[in-house]
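Colleague: Could you pick one part of this model and walk me through it slowly? I'm new to this, so please explain the terms as you go.

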Amino acid sequence: MKKVFFLLSLSLSANLTYAQVSATDAWIRATVPQQRATGAFMQLESKEGAKLLAAKSPIAGVVEVHSMIMESGVMKMRAVPSLDLPAGKPVDLKPGGYHVMLMDLKGEVNVGDVVPLTLIIEDRAGQRHTLEVSASARMFTKPVDKHTLKAHQKHEGQKH
């Protein structure tokens with residue numbers, strides 16, 4: 001990943017608001033060499049109610065909004081068509097739950113890098129807006145259980 005790209009991103013705040021939706025505490029999981037996917041996490045809140053439809057980032061070939069659910073004793077990760085953002089209620093995108101999945105990474109994401117994300121939001125009237133978010137890369141320190149790890153490994157092996 002070119003450092004020049006990340007230096008330009010540093011001027012952006014990690015907490016930006018647009019179209020009645022705010023994103024706070026945005027972060028992305030740092031990667032190791034040859035890792036092809038990672039997750040981005042944050043808290044979203046909509047003043048009037050909205051939906052998160054999609055996301056994109058210049059560091060990844062594929063970006064999707066995902067859920068992780070326990071199904072028949074197995075943790076499964078799936079892309080979701082949208083994520084409701086109820087009025088006035090924070091929605092956590094966090095490890096083991098809803099998150100933004102970045103796949104086909106174009107390079108390594110190092111601790112301290114700032115990664116730009118564009119969230120596509122649909123308001124109650126059906127109008128689409130973009131929310132620009134900067135996510136700081138950091139290591140995920142909570143131990144990952146074997147079900148979560150298996151779901152991520154299986155998903156990384158799928159072709160998009």
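Modeller: Let's start with burial: a residue is buried if its relative accessible area is under 20%, exposed if over 50%, and partly exposed in between, using a 1.4 Å probe and counting protein chains only. This is a predicted model, where local features need pLDDT of at least 70 and side-chain atom pairs count only at pLDDT 80 or more, while totals for chains, interfaces and linings use all residues. Residues are numbered from 1 along each chain as its sequence is written, and side-chain values use heavy atoms, with hydrogens and water left out.

First, the overall layout. The chain has two helices and eleven strands (DSSP runs numbered from the N terminus: H or I with at least four residues for a helix, E with at least two for a strand). Reading from the N terminus, the order is α-β-β-β-β-β-β-β-β-β-β-β-α. Of the 160 residues, 42% are buried. Among contacts (heavy atoms within 4.5 Å) with a separation of 6 or more, 71% are between residues 24 or more positions apart. The chain exposes about 8,800 Å², and 53% of that comes from carbon and sulfur atoms (areas are from the Shrake-Rupley method with a 1.4 Å probe, and for residues only the protein chains shown count as cover).

The part I'd pick is strand β3, residues 37-46. Eight of its ten residues are buried, so the rest of the structure largely encloses this strand. Who are its partners? Strands count as paired if DSSP finds at least two bridges between them. β3 pairs with strand β2 (residues 21-29) over six bridges, in the antiparallel sense. One place to look is Val-21, whose bridge partner in β3 is Ser-46. Strand β9 (residues 99-105) also runs antiparallel to β3, joined by four bridges, and here Ala-40 has Val-100 in β9 as its bridge partner. Then comes strand β8 (residues 91-93), which pairs with β3 over three bridges, antiparallel once more. In this case Leu-44 stands opposite Val-91 in β8.

While you're tracing strands, here's a handy general point: in a regular strand, the side chains alternate between the two faces of the sheet.

Now for the side chains. The structure has one aromatic pair (Phe, Tyr or Trp rings, using the six-membered ring of Trp, with centres within 6.5 Å; planes under 30 degrees apart are stacked, over 60 edge-to-face and the rest tilted). That pair is Trp-27 with Phe-41, tilted, at 4.6 Å centre to centre and 35 degrees between the planes. Trp-27 sits in strand β2 and Phe-41 in strand β3, so the pair ties together parts that are 14 residues apart in sequence. Trp-27 is buried at 8% relative accessible area, and Phe-41 is buried too, at 3%.

Just before β3 there's a charged residue worth finding. Arg-36, in the loop between β2 and β3, forms a salt bridge with Asp-104, their closest N and O atoms being 3.6 Å apart (the rule: a side-chain nitrogen of Lys or Arg within 4 Å of a carboxyl oxygen of Asp or Glu). Because Asp-104 lies in strand β9, this pair ties together parts 68 residues apart in sequence. Arg-36 is partly exposed at 41% relative accessibility, and Asp-104 is partly exposed at 33%.

The whole structure has three salt bridges. Glu-71 meets Lys-76 at 3.1 Å, N to O, and also forms a salt bridge with Arg-78, with the closest N and O atoms 3.3 Å apart. Glu-71, Lys-76 and Arg-78 are linked in a network of salt bridges. Each member is partly exposed: Glu-71 at 29%, Lys-76 at 30% and Arg-78 at 38%.

So if you want a route through the model, go to β3, where eight of ten residues are buried, then find Phe-41 with Trp-27, and finish at Arg-36 with Asp-104.
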